[in-house]
Amino acid sequence: MKNILIGVTGGIAAYKAIEVVNALRKKGHNVRVVMTKSAQEFIRPLTFQAISGNQVITNMFDADDSSHISHIELAKNADVFAIVPATANIIGKMASGIADDMLSTIAMVVRCPSVIAPAMNTLMYENRIVQENIGKLKSRGFTVLDTDSGLLACGDTGKGKLLPWETIVAEIERFL
Ligand SMILES: Cc1cc2nc3c(=O)[nH]c(=O)nc-3n(C[C@H](O)[C@H](O)[C@H](O)COP(=O)(O)O)c2cc1C
């Protein structure tokens, strides 16, 4: 059993992270989920709590919560860290060293293999700053996955679609 830390950010594809968490748990891993504030606009933490069997981390400053684990502990305990889906925003924050919420703070602490699965509109994905940020993360040792091409949730067609969850699980498992 390995400790897998999954960050979920605020994109339409957030629901696909449910399959990733479900598959990893069924394989016997301990999966902890960290959700950004925006991610919670798409999926409720309760869903990930039920699927992972663990309390979901949503708040940096929730000191009253007895199950609270510090961001440092979470990051240190992880065997693999993955962000599914990864918004342009989290990619930009990680590339710039910004730590203004729980997930971006954890991302700055982790030393384990890290898999970033981007998902966004084609125009966002092809934006040069986003591409530069992806390049920066790759050069720092992050495994930034490709995206699929196809019909996006917004109706556009092109790059930026999250890879199938099975592919993402396989990429995570490469590091276990
Ligand atoms: C309906 C809707 C869908 C969105 N989908 C995406 C997306 O797929 N990818 C992305 O990078 N941003 C998307 N966004 C924008 C992000 O939610 C926004 O940039 C947010 O600040 C991201 O915060 P986070 O990275 O902390 O989760 C979407 C916004 C809305 C309203």
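This text walks through the sheets, helices and ligand shell of a predicted model.

Start with the open sheet. It has 5 strands, in the order 2-1-3-4-5, and the pairing is parallel. Strand 2 (30–35) and strand 5 (143–144) stand at the edges. Each has a single partner strand, so one side of each is left without a neighbour in the sheet. In general, strands of a sheet pair through backbone hydrogen bonds, either parallel or antiparallel.

Look next at the strand 5 edge. Strand 4 (residues 114–118) pairs with strand 5 in the parallel sense, over 2 bridges. For a residue to find here, take Ile116: Val144 in strand 5 stands opposite.

Now move to the helix on this sheet. Helix 1 (residues 16–26) lies across strand 1 (3–8), strand 2 and strand 3 (80–86). Helix 1 runs at about 175° to strand 1.

Further along the chain, turn to a helix pair. Two packed helices are described by the angle between their axes and the distance between the axes. Helix 5 covers residues 88–96, and helix 6 covers residues 102–109. Their axes come within 10 Å and cross at roughly 40°. Angles under 35 degrees would count as roughly parallel, and 65 to 115 as roughly perpendicular. Helix 5 and helix 6 are therefore oblique to each other. Their crossing is right-handed. Which residues meet there? From helix 5 come Ile90, Lys93 and Met94; from helix 6 come Leu103, Ser104 and Ala107. By class, this contact has 4 nonpolar, 1 polar and 1 charged residues.

Helix 5 also leads to the ligand. It gives the most to the shell around the ligand, with 3 residues. There are 15 residues around the ligand in total. Those that come nearest are Thr9, Gly10, Gly11, Thr87 and Met120. How many residues of each class does the shell have? The count is 8 nonpolar and 7 polar, with no charged residues.

Finish with a hairpin. Strand 6 (residues 148–151) and strand 7 (residues 157–161) pair in the antiparallel sense over 4 bridges. Asp148 stands opposite Lys161 in strand 7. Between the two strands of the hairpin are 5 residues. Gly155 is in the turn, and this glycine has a positive phi of about 105°.

To retrace the path, begin at the parallel sheet of 5 strands. Cross helix 1, which lies over strands 1, 2 and 3. Then follow helix 5 to its crossing with helix 6 and to the ligand shell. End at the hairpin of strand 6 and strand 7.

Technical notes
Residues numbered from 1 in each chain as written. Predicted model: local features only at pLDDT ≥ 70, side-chain atom pairs only at ≥ 80, totals over all residues. Axes fitted to C-alpha atoms, helices over the stretch in contact; angles between N-to-C directions. Parallel < 35°, antiparallel > 145°, perpendicular 65-115°, else oblique. Left-handed = near helix turned anticlockwise from the far one by under 90°. Contact = placed C-beta atoms within 7 Å. Nonpolar A, V, L, I, M, F, W, Y, C, P; charged D, E, K, R; others polar. Pairing = 2+ DSSP bridges. Near = placed C-beta within 6 Å.
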